[in-house]
Amino acid sequence: MESLWKDLSCNLKQASKAVLVQTENAGRGLVATENIQRDDVILTETPVISGPPQSIGPYFCANCSQPLSDGVLEDCLNSCGLKMCSKKCQTTHQRHDEEECALVKKVKDKSFDQWLTVLRVLRLRKSKSELWKRFNILEDHLEDRKECPIMKRNKSAVWNVLHHYLPELVEGLSCEDVMKICGILDANSFRIDKYGTRGIFLATSMVNHDCLSNARCIFDDMGHVTIKAKKSIAEGDQITINYCAVLTNTETRLDKLKKSKYFICNCSLCLDPTEKGTFMSAVICPKCKGNLLPESFSDPSVPDWQCDKCQFFTTHEKVTKLVDAVKNSYNKIISNPRTFVLEKVAELESLLKKRCGSVLPPTHQVILDLKLDLVNIYDADQKLDSVNKRLEIIVERIKVLQILEGDDTDSRLKGFLLFRKHNLLVAKIAGLQRKNSLNEKDTKELGGQLGISLTESARLLLHDQGCPPHLIEVMSMCMSNNLRSNT
Ligand SMILES: [Zn+2]
Ligand SMILES: [Zn+2]
Ligand SMILES: [Zn+2]
Ligand SMILES: [Zn+2]
């Protein structure tokens, strides 16, 4: 294990606070080599390879993977046939270099699907053979994917294309070998930016999943990953990251993990029918208004849902039907292209009033999604006087997140929510000022909340490539104000 870790840690930018071990029940995994505090860097790593995601539109930038529309695209400077978002992108990024252009030129079939990233992996074979060897250590899940339609597509979109146009690149390799590369890419790549660029990391790939993880990944503008502690971690504890979005209910997460990562999660959240008291999957009991909960999310042999207060129970099928009915009404409103904004808001608010608290608890996944859509619509239409409603919904999301993960736990989502809260507080204060009704107590109270939400969101997001530009602006404004007041 020690020599394997030596191989896999070759791209680390400094010594890590974790090592590779054989864990008791999750295969290989990383454990902390010392006590780690919240926000401490556990490791920082450079990607082995990065490239466009698996399914991308007809036009995308070969450097930054940005999807391009007809009007805004430039040909690659070396006329290899690939497109760029700008000349500047090509000269400042290293992903699409001249050597790659020369290879790409030979590929006449440019249905740009999957092969570009695979081509980059194959180039490692000659130029960086050590990295190529280490890349091949990663899990490929080929057995699990045998029947998967993606495999068939990869055969024609990747193997056939490369084998036909670039035989020298795949010399000595079989179709199976190239499918293994596709498998490794699919099983291990991280989405490293907003365009969905896939990045492969060696050490980071060894970090196991937990739906309530103790660490998080931060990707910077250079495509590097930093793993930071979300909370304190004791020496010897396993380091975990979350492969799923935090505010999704257990059924959705289990389904996603099974389909894309081929395992059934047994973490403390997945085993808890109340989902740590957030009730994101619960249905309200028709008899006593308690919560109907499943006995198990992952074991289909116990299909009943039981009330947590009375003796009432029902079947999984009936619960699904009930939840789907609310989901369908909601989707119908959202996807109706003809409804005016005000009508849409009224319809969503009415659905919320009818179903929230009577059929589904206020923190059910569907209700949380619906409320978030409402905030987004309110946000887009500044005419609606909705600051307080929006604040209420964002604050509720932060609260649910804290119930799930614990008060003193960092997360990227928390950073985004806190910045939204900050912006809404600014709007609220401005509104009160306009009405001349901002009293001393409000000023103190709202100002305090404003400061905390801003500094916390900045701490969580400033080094993240997805950091909202507005947050960067606000922070640099604060900095220059501070400098001015100090001089
Ligand atoms: Zn670009
Ligand atoms: Zn080119
Ligand atoms: Zn889990
Ligand atoms: Zn009941």
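Visitor: What stands opposite I218 in β11?

Guide: T226 is the residue opposite I218. This is a predicted model, and the pairing is read from its atoms. Next to that pair, C217 faces I227 in β11.

Visitor: What makes β10 and strand β11 a pair, and in which sense do they run?

Guide: Two strands count as paired once DSSP finds at least two bridges between them. β10 and β11 (residues 225-229) have five bridges, in the antiparallel sense, so the pair meets that condition. Five residues lie between the strands of this hairpin, and G223 has a positive phi near 85°.

Visitor: Which strands make up the open sheet of three strands with β11, and in what order?

Guide: The order is β3-β11-β10, with antiparallel pairing. β3 (41-45) and β10 (215-219) are called edge strands because each pairs on one side only. Ignoring direction, neighbouring strands of this sheet are turned by 20° against each other on average.

Visitor: What makes β10 count as mostly covered?

Guide: A residue is called buried when 20 or more other C-beta atoms lie within 10 Å of its own. In β10, five of its five residues are buried. A215, C217 and F219 point one way from the strand, while R216 and I218 point the other way. Both groups are buried. In a regular strand, side chains alternate between the two faces of the sheet.

Visitor: How many bridges join strand β1 to strand β2?

Guide: Five bridges join β1 (residues 18-22) to β2 (residues 28-32), and the two strands run antiparallel. L20 has L30 as its bridge partner in β2. This hairpin has five residues between the strands, and G27 takes a positive phi near 65°.

Visitor: What is the order of the strands in the open sheet that holds β4?

Guide: That sheet has three strands in the order β4-β8-β7, paired antiparallel. β4 (49-51) and β7 (190-191) are its edge strands, each pairing on one side only. Three bridges join β4 to β8 (residues 198-200), and S50 stands opposite G199 in β8. Helix α4 (residues 115-127) lies across β4 and β8, at about 160° to β4.

Visitor: How do you know that the span of helix α12 agrees with what it should be?

Guide: α12 has 19 residues (387-405), which at 1.5 Å a residue should span 27 Å. The C-alpha atoms at its ends are 27 Å apart, so the two values agree.

Visitor: Which residues are buried in α12?

Guide: R390, I394, R397, V400, L404 and E405 are buried. Seen down the axis of α12, the buried residues fall within an arc of 120°, and therefore line one face of the helix. Among the elements that cover them are α11 (365-380) and α13 (412-434). After α12 comes G406, with a positive phi near 100°.

Visitor: Is A427 buried, exposed or partly exposed, and why?

Guide: A427 has 15 C-beta neighbours inside 10 Å. Buried needs 20 or more, and exposed needs 12 or fewer. A427 falls in between, so A427 counts as partly exposed. A427 is found in helix α13. Its C-alpha atom is 9.7 Å from that of N388, although the two residues are 39 residues apart along the chain.

Visitor: What is the phi of S79?

Guide: S79 has a positive phi of about 50°, although S79 is not a glycine. S79 is placed in the loop between β5 (74-75) and β6 (83-84). With 9 other C-beta atoms within 10 Å, S79 is exposed, because the cut-off is 12 or fewer.

Visitor: Why is H141 given the class that it has, with 18 other C-beta atoms within 10 Å?

Guide: The count of 18 lies between the cut-offs of 12 and 20, so H141 is partly exposed. H141 is in the loop between α5 (129-135) and α6 (149-165). Its phi is near 55°, a positive value in a residue other than glycine.

Visitor: How many residues of domain 1 are in contact with domain 3?

Guide: Four residues of domain 1 are in contact with six residues of domain 3. The domain assignment gives domain 1 as 2-46 + 202-241 and domain 3 as 251-396. The same assignment gives domain 2 as 49-200 and domain 4 as 410-487. Taken over C-alpha atoms, the centres of domain 1 and domain 3 are separated by 33 Å.

Note on methods. Residues numbered from 1 in each chain as written. Chains lettered and ligands numbered in written order. Predicted model: local features only at pLDDT ≥ 70, side-chain atom pairs only at ≥ 80, totals over all residues. Helix = DSSP H or I, 4+ residues; strand = E, 2+ residues; numbered from the N terminus. Expected span 1.5 Å × (residues − 1). Arc of directions from axis to C-beta. Contact = placed C-beta atoms within 7 Å. Axes fitted to C-alpha atoms, helices over the stretch in contact; angles between N-to-C directions. Domains from an automatic or database assignment.
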